[in-house]
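Colleague: Hi, could you pull up the model so we can go through it together? I'd like to ask a few things as we look.

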Amino acid sequence: MGNVPTKEDRGSIGSYDDAARRGGPVVNSLTVREILNPSATYRKKKYYKDKEGLKEQVTKDLIVSHEENVDGGFLAPYGVYTHNQDYATAIVRGLISERRISPFYLPLQDLDDDWTDEQLIKELDDLALHAPISGEIEETTILDPNSKHYQKHLQAQLFEKALLQKRIALQTEAQARYDREKKLAYGNGFRKENIPSRDLLLRLYKDATECPICFLFYPNNFNYTRCCVQPICSECFVQIKRLDPHPPHDEEEERNQNSGELVVPKDLISEPAICPFCAMPNFGITYTPPQDIKTGINGIPPCDYKRSTTKPSINTPGKDIGNDDSAVVETNDTLEVPVKKGARRHSLPSEHQSVISTDFIRPDWERKLNSARMKLARRSAAATAIHASSLLMDETGNGQVRSSRADSSADLEQKMIEQALRLSLLEEEERKSKQNIKS
Amino acid sequence: MAALSKRIIRETERLVSDPVPGITAMPHEDNLRYFDVTIEGADQSPYEGGLFKLELFLPEDYPMVAPKVRFLTKIYHPNIDRLGRICLDTLKKNWTPAIQIRTLLLSIQSLLTSPNPDDPLANDVAECWKKDEAGAIQTAKEWTAKYAKKE
Ligand SMILES: [Zn+2]
Ligand SMILES: [Zn+2]
């Protein structure tokens with residue numbers, strides 16, 4: 001551990017490279033540990049702390065609180081999905097507040113056209129703010145007390161457990177506040193600002209419509225896909241993301257897993273998500289808020305909403321955006337959902353200012369790709385290092401170094417340097433993309 | 001295991017009440033995410049007259065990820081390997097959450113009618129298919145008669 005690299009050392013890596021090309025005695029000055037993980041020692045601790053802080057914030061962001069409402073919906077999802085809640089919660093909350101994507105509405109499992117207003121109100125009244133949260137951590141791996149990462153993993157597990165407990169407690173509290181205020185408002189006629197008026201609930205849920213992906217019923221102001229103008233609820237939209245970084249072909253991955261052969265790190269790819277309906281690359285959506293409702297954040301209190309006597313205008317996605325005649329309608333005969341009357345009739349390019357892409361709400365995809373490449377680079381550096389040291393040992397044991405052998409070991413040294421270099425470049429990229437996320 | 005989503009319940013109801021011709025899919029009573037599937041080999045294909053058993057499992061994050069499907073009946077096909085694994089884009093990079101179980105099973109059914117030896121999973125079978133198509137089709141027919149007989 002004598003050669004713990006400092007920031008200054010990393011800056012001088014170019015000179016290692018020069019020395020290597022001149023054939024200087026460089027390898028001896030770099031320990032295998034340094035090659036494998038040059039800057040981890042001084043950075044890791046701080047990084048973990050930040051990560052825990054971020055996770056705590058995300059946990060809070062995923063609580064549905066009735067005080068945080070927009071047009072009768074909320075800033076956090078109901079919990080239709082229990083996985084993939086790894087979108088940037090802060091960004092999505094911002095987008096909902098700005099009415100650039102549909103708020104998270106409470107879903108109705110069913111909707112019967114024959115229901116009276118009273119029945120509909122009763123159904124809505126019975127809805128909780130969030131689906132039940134399971135208190136069990138999924139697939140807790142049994143830790144081996146003899147493993148050298150035991151302490152770290154144990155700590156991480158305890159942290160996850162505590163976080164989940166906290167989430168359950170916070171959501172239970174939020175529900176209790178909601179129930180209390182609802183009782184006061186509906187039962188006793190008190191004015192409770194954040195309890196929606198009956199008019200608002202009926203306006204929203206009278207023409208509730210099924211989302212074509214989760215099959216749940218939501219108020220009919222959906223997001224619409226930029227390409228084929230299909231409705232999608234926000235709960236489903238935030239689930240859609242790039243595939244995890246992978247080699248260009250799936251088969252390659254399998255082959256490499258079997259043979260232990262390594263993929264070149266820079267070959268790992270991660271493509272933008274495709275549209276679930278028409279498979280167009282660079283998936284994105286647009287949203288046009290209802291014209292006759294502006295309640296909650298940046299609007300009037302939802303308790304004050306009164307239904308106007310004139311018929312509410314139907315949600316018209318893209319009514320005032322992208323009136324670009326050159327845009328093309330994507331037709332697709334597999335579509336099962338008819339385009340809503342008054343809907344935007346044409347597709348929008350992914351760069352259009354009103355389009356929210358899946359990458360926009362998961363800006364860490366680049367960091368993820370870089371760290372996957374890092375991991376792979378470390379693995380291949382380790383493989384080379386082990387190979388190199390076994391060759392060097394062989395030579396010293398032999399006593400006589402044949403020239404061809406010396407050449408090949410010089411090659412290996414060169415390889416190790418190159419890998420160390422590549423690694424530090426990747427780390428630098430990783431560091432930068434982490435910084436971008438924080439700022 | 002999380003509670004079944006409304007989507008899975010609806011899809012299951014429809015698969016049972018309004019089945020696709022030539023395809024059956026029944027959930028296990030003790031695990032509603034696990035389906036027994038059968039697909040009939042299409043007429044005019046080497047699999048004609050065969051009834052192929054498959055298993056289908058819906059992972060917890062279905063429909064955001066594709067179902068896991070595997071042939072249980074032995075089948076001679078360039079895109080299906082010895083373990084019954086299927087090489088089909090719809091199951092991998094072309095999966096989207098708008099695709100339903102019935103659509104997926106339909107595309108597996110049509111894979112049986114149009115084998116694609118240029119994108120093989122079973123390399124040996126694909127080789128034969130390319131070198132001697134008539135021979136390969138003959139083998140596929142024999143395997144169908146031998147392993148996929150209707151009871
Ligand atoms: Zn949905
Ligand atoms: Zn589309």
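**A walk through the model**

Modeller: Here we are. One thing up front: this is a predicted model. As an opener, take the contacts in chain A with a separation of 6 or more: 75% of them are between residues 24 or more positions apart.

Colleague: Thanks. How many helices and strands are there in chain A?

Modeller: Chain A has 13 helices and 8 strands. Of its 439 residues, 41% are buried.

Colleague: And what does chain A expose?

Modeller: About 24100 Å², with 53% of that supplied by carbon and sulfur atoms.

Colleague: On to the metals. Which residues coordinate the zinc ion (ligand 1)?

Modeller: Four cysteines do it through SG: A:Cys211, A:Cys214, A:Cys233 and A:Cys236, at 2.3 to 2.4 Å. Along the chain, these donors follow the spacing C-x2-C-x18-C-x2-C.

Colleague: What about the angles among the 4 donor atoms there?

Modeller: They come out at 105 to 114°, and the site is tetrahedral. For reference, the ideal angle for four tetrahedral donors is 109.5 degrees.

Colleague: Is A:Cys211 buried or exposed?

Modeller: A:Cys211 is buried, because its relative accessibility is 0%. A:Cys214 counts as buried too, with a relative accessible area of 4%.

Colleague: Then the other one. What coordinates the zinc ion (ligand 2)?

Modeller: The SG atoms of A:Cys227, A:Cys228, A:Cys275 and A:Cys278, at 2.3 Å. In sequence, the donor residues of this zinc ion (ligand 2) are spaced C-C-x46-C-x2-C. Both A:Cys275 and A:Cys278 are buried.

Colleague: Why is the arrangement around the zinc ion (ligand 2) called tetrahedral?

Modeller: Because its 4 donor atoms subtend angles of 99 to 127°. The cut-off for tetrahedral is that all angles lie between 85 and 135 degrees.

Colleague: Changing topic: what is the strand order in the open sheet of chain A?

Modeller: The sheet has 4 strands in the order β6-β5-β7-β8, with antiparallel pairing. At the edges are β6 (231-232) and β8 (356-357) of chain A, each of which pairs on one side only.

Colleague: Over how many bridges do β7 and β8 of chain A pair?

Modeller: Strand β7 (residues 284-286) and β8(A) pair over 2 bridges, in the antiparallel sense. A:Gly284 has A:Ser357 in β8(A) as its bridge partner.

Colleague: Which residue in the loop between α10 and β7 of chain A should I look at?

Modeller: Try A:Asn282, which sits in that loop, after α10 (250-259) and before β7. A:Asn282 has a positive phi of about 55° although it is not a glycine. With a relative accessible area of 35%, A:Asn282 counts as partly exposed.

Colleague: And what lies in the loop between β7 and β8 of chain A?

Modeller: Among the residues there is A:Asn298. Its phi is positive as well, about 60°, and A:Asn298 is not a glycine either. A:Asn298 is exposed, with a relative accessible area of 57%. As background, most residues other than glycine have a negative phi.

Colleague: Let's move to chain B. How do β1 and β2 run there?

Modeller: Antiparallel: 5 bridges join β1 (residues 23-27) to β2 (residues 34-40) of chain B. The two strands form a hairpin with 6 residues between them. As one example of the pairing, B:Met26 has B:Asp36 in β2(B) as its bridge partner.

Colleague: And how many bridges join β2(B) to β3 of chain B?

Modeller: There are 7, joining β2(B) to β3 (residues 51-57), and these strands also run antiparallel. There, B:Val37 is matched with its bridge partner B:Leu54 in β3(B).

Colleague: Where is the cis peptide bond in chain B?

Modeller: The bond from B:Tyr62 to B:Pro63 is cis, with omega near 10°. B:Pro63 lies in the loop between β3 and β4 (68-71) of chain B.

Colleague: Last one: which residues are buried in helix α3 of chain B?

Modeller: In α3 (residues 123-131) of chain B, the buried residues include B:Val125, B:Ala126 and B:Trp129. Down the axis of α3(B), the buried residues fall within an arc of 100°, so they line one face of the helix. What covers them includes α4 (133-147) of chain B.

Colleague: And what does the face of α3(B) turned away from the buried side carry?

Modeller: That face carries the exposed residues B:Asn123, B:Asp124 and B:Lys131.

Note on methods. Residues are numbered from 1 along each chain as its sequence is written. Chains are lettered from A and ligands numbered from 1 in the order in which they are written. This is a predicted model: local features need pLDDT of at least 70, side-chain atom pairs count only at pLDDT 80 or more; totals for chains, interfaces and linings use all residues. Side-chain values use heavy atoms; hydrogens and water are left out. Buried means under 20% relative accessible area, exposed over 50%, partly exposed in between (1.4 Å probe, protein chains only). Contact means heavy atoms within 4.5 Å. Accessible areas come from the Shrake-Rupley method with a 1.4 Å probe; for residues, only the protein chains shown count as cover. Two strands pair if DSSP finds at least two bridges between them. Donors are N, O and S atoms within 2.8 Å of the metal (3.2 Å for Na, K and Ca); water is not among the atoms, so sites may look incomplete. Four donors count as tetrahedral if all angles lie between 85 and 135 degrees; four count as square planar and six as octahedral if opposite donors are over 155 degrees apart and all others between 65 and 115; anything else is irregular. The arc is that of the directions from the helix axis to the C-beta atoms.
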